[in-house]
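This report describes a structure for a reader who has not seen it before. The sequence and the model are shown first, and the text then goes through selected contacts.

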Amino acid sequence: MLAELGGVSRRTFYRWRELGQGPAAFKLPNGELRVWRSDFTTWLRQLEAAA
C-alpha cells in the first residue's frame, strides 16, 4: 500500500491515521493494522475528488 502511495513512509501513513486522515483500518490480534482494499480505494478516490 505504501508503494501505491508513491513511497510514503510508514510513519507518515500512521500519522495520517492518528489525525483521522487515513483509510479505515482494523487491528489484528497480534496488533498489526490492516486495511481492506475496498476501503483503501474509496479513500484514494475521496482524495482525488477533493483535489
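Which residues form one aromatic cluster? The cluster is made up of Trp16, Phe40 and Trp43. The model is a predicted one, and the values below were computed from it.

**Aromatic residues**

Four aromatic pairs are counted in total. In one of them, Phe13 and Tyr14 sit edge-to-face, with 6.1 Å from centre to centre and 65 degrees between the planes. Phe13 is buried, at 8% relative accessibility, whereas Tyr14 is partly exposed at 31%. Trp16 and Trp43 form a tilted pair, because their ring planes stand at 50 degrees, with the centres 5.9 Å apart. Trp16 belongs to helix H1 and Trp43 to helix H2, so this pair ties together parts that are 27 residues apart in sequence. Trp43 counts as buried because its relative accessibility is 8%, which is under the 20% cut-off. Trp16, at 23%, is partly exposed.

**The nonpolar core**

Trp43 is also a member of the largest nonpolar core. The other residues of this six-residue core are Leu5, Val8, Phe13, Val35 and Phe40. In soluble globular proteins, nonpolar side chains tend to be buried together. Leaving aside residues up to four places away in sequence, Trp43 touches Leu5, Trp16, Gln21, Gly22 and Pro23.

**Salt bridges**

How many salt bridges does the structure hold? There are three, listed here with their N to O distances.

| Acidic residue | Basic residue | Distance, N to O |
|---|---|---|
| Glu4 | Arg37 | 3.0 Å |
| Glu18 | Arg11 | 3.3 Å |
| Glu32 | Arg34 | 2.7 Å |

The side chains of Glu4 and Arg37 meet in one of these bridges. This pair links distant parts of the chain, 33 residues apart: Glu4 lies in the segment before H1, and Arg37 lies in helix H2, which covers residues 37-50. Glu4 is partly exposed, with a relative accessible area of 47%.

In the bridge between Glu18 and Arg11, Glu18 is exposed at 57% and Arg11 is partly exposed at 49%. Glu18 counts as exposed because its value is over the 50% cut-off. For the bridge between Arg34 and Glu32, Arg34 is partly exposed at 38%, and Glu32 is partly exposed at 36%.

**Gly6**

Is Gly6 buried or exposed? Gly6 is exposed, with 70% relative accessibility. Gly6 is placed in the segment before helix H1, which spans 10-18. Gly6 and Gly22 are 16 residues apart along the chain, and their C-alpha atoms are separated by 15 Å.

Note on methods
Residues are numbered from 1 along each chain as its sequence is written. This is a predicted model: local features need pLDDT of at least 70, side-chain atom pairs count only at pLDDT 80 or more; totals for chains, interfaces and linings use all residues. Side-chain values use heavy atoms; hydrogens and water are left out. A nonpolar core is a set of buried Ala, Val, Leu, Ile, Met, Phe, Trp, Tyr and Cys residues joined through side-chain atoms within 4.5 Å. Buried means under 20% relative accessible area, exposed over 50%, partly exposed in between (1.4 Å probe, protein chains only). Contact means heavy atoms within 4.5 Å. Helices (H or I, at least four residues) and strands (E, at least two) are DSSP runs, numbered from the N terminus. A salt bridge is a side-chain nitrogen of Lys or Arg within 4 Å of a carboxyl oxygen of Asp or Glu. Rings of Phe, Tyr and Trp (its six-membered ring) pair if their centres lie within 6.5 Å; planes under 30 degrees apart count as stacked, over 60 as edge-to-face and the rest as tilted.
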